[in-house]
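Hello,

Here is the structure I promised to hand over. Please open it first, then read my notes below.

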Amino acid sequence: MLKCKDAVERADALVDGTPLSWRERFALRMHLLMCHHCRRYVHQLRALVTSLRRPPPEAVSQEKVDAVLDELDKTP
Ligand SMILES: [Zn+2]
């Protein structure tokens with residue numbers, strides 16, 4: 001069975017876009033089925049990569065801020 005260190009290296013390679021052979025992917029999947037720690041690591045790694053790929057939130061213009069403040073001022 002793959003060691004945790006090797007599983008982490010392969011998971012990192014997959015996230016980086018490095019192609020793995022089917023044997024490497026199979027060994028990684030088998031390891032993840034058995035190892036809760038590496039499964040958690042891969043889950044967190046995927047969440048991190050997904051959050052980093054999201055575009056940054058759009059900045060709110062000063063006009064929008066003023067419009068909202070104006071609406072709030074009109075509210076009794
Ligand atoms: Zn492991």
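Two salt bridges are counted in this structure. Keep in mind that the model is predicted.

Start with the bridge in helix H1. Glu9 pairs with Lys5 there, and their closest N and O atoms are 3.6 Å apart. Both residues sit in helix H1, four residues apart, or about one turn of the helix. Their exposure is worth a look. Lys5 is exposed, because its relative accessibility of 59% is over the 50% cut-off. Glu9 has a relative accessible area of 44%, so this residue is partly exposed.

The other bridge joins Lys74 to Glu71. Here the closest N and O atoms are 3.5 Å apart. Lys74 and Glu71 are three residues apart in helix H4, which spans residues 62–74, so about one helical turn separates them. Lys74 is exposed, at 63% relative accessible area.

Now the metal site. Which residues coordinate the zinc ion? They are Cys4, His31, Cys35 and Cys38. The cysteines bind through SG and the histidine through NE2, at 2.1 to 2.4 Å. Along the chain, the donors follow the spacing C-x26-H-x3-C-x2-C. Cys4 belongs to helix H1 (residues 4–16), while Cys35 is in the loop between helix H2 (22–34) and helix H3 (36–53). The pair therefore ties together parts that are 31 residues apart in sequence.

Why is the arrangement around the zinc ion tetrahedral? The four donor atoms subtend angles of 99 to 115°. A tetrahedral site needs all angles between 85 and 135 degrees, so these angles qualify.

Are Cys4 and Cys35 buried or exposed? Cys35 counts as buried, because its relative accessibility is 8% and the cut-off is under 20%. Cys4 is partly exposed, with a relative accessible area of 38%.

Last, the surface. A nonpolar patch covers about 780 Å². Met1, Trp22, Phe26, Met30, Leu33 and Met34 make up this patch. Take Leu33 as one of them. Leu33 lies in helix H2. Its relative accessibility is 61%, so Leu33 counts as exposed.

In viewing order, I suggest the Glu9 and Lys5 bridge, then the Lys74 and Glu71 bridge, then the zinc ion with its four donor atoms, and then the nonpolar patch.

Best wishes

Conventions: Residues are numbered from 1 along each chain as its sequence is written. This is a predicted model: local features need pLDDT of at least 70, side-chain atom pairs count only at pLDDT 80 or more; totals for chains, interfaces and linings use all residues. Side-chain values use heavy atoms; hydrogens and water are left out. Donors are N, O and S atoms within 2.8 Å of the metal (3.2 Å for Na, K and Ca); water is not among the atoms, so sites may look incomplete. Four donors count as tetrahedral if all angles lie between 85 and 135 degrees; four count as square planar and six as octahedral if opposite donors are over 155 degrees apart and all others between 65 and 115; anything else is irregular. Helices (H or I, at least four residues) and strands (E, at least two) are DSSP runs, numbered from the N terminus. Buried means under 20% relative accessible area, exposed over 50%, partly exposed in between (1.4 Å probe, protein chains only). Patches are made of residues with over 30% relative accessible area and no salt bridge: like charges are joined within 9 Å, nonpolar side chains (Val, Leu, Ile, Met, Phe, Trp, Tyr) within 5 Å. Accessible areas come from the Shrake-Rupley method with a 1.4 Å probe; for residues, only the protein chains shown count as cover. A salt bridge is a side-chain nitrogen of Lys or Arg within 4 Å of a carboxyl oxygen of Asp or Glu.
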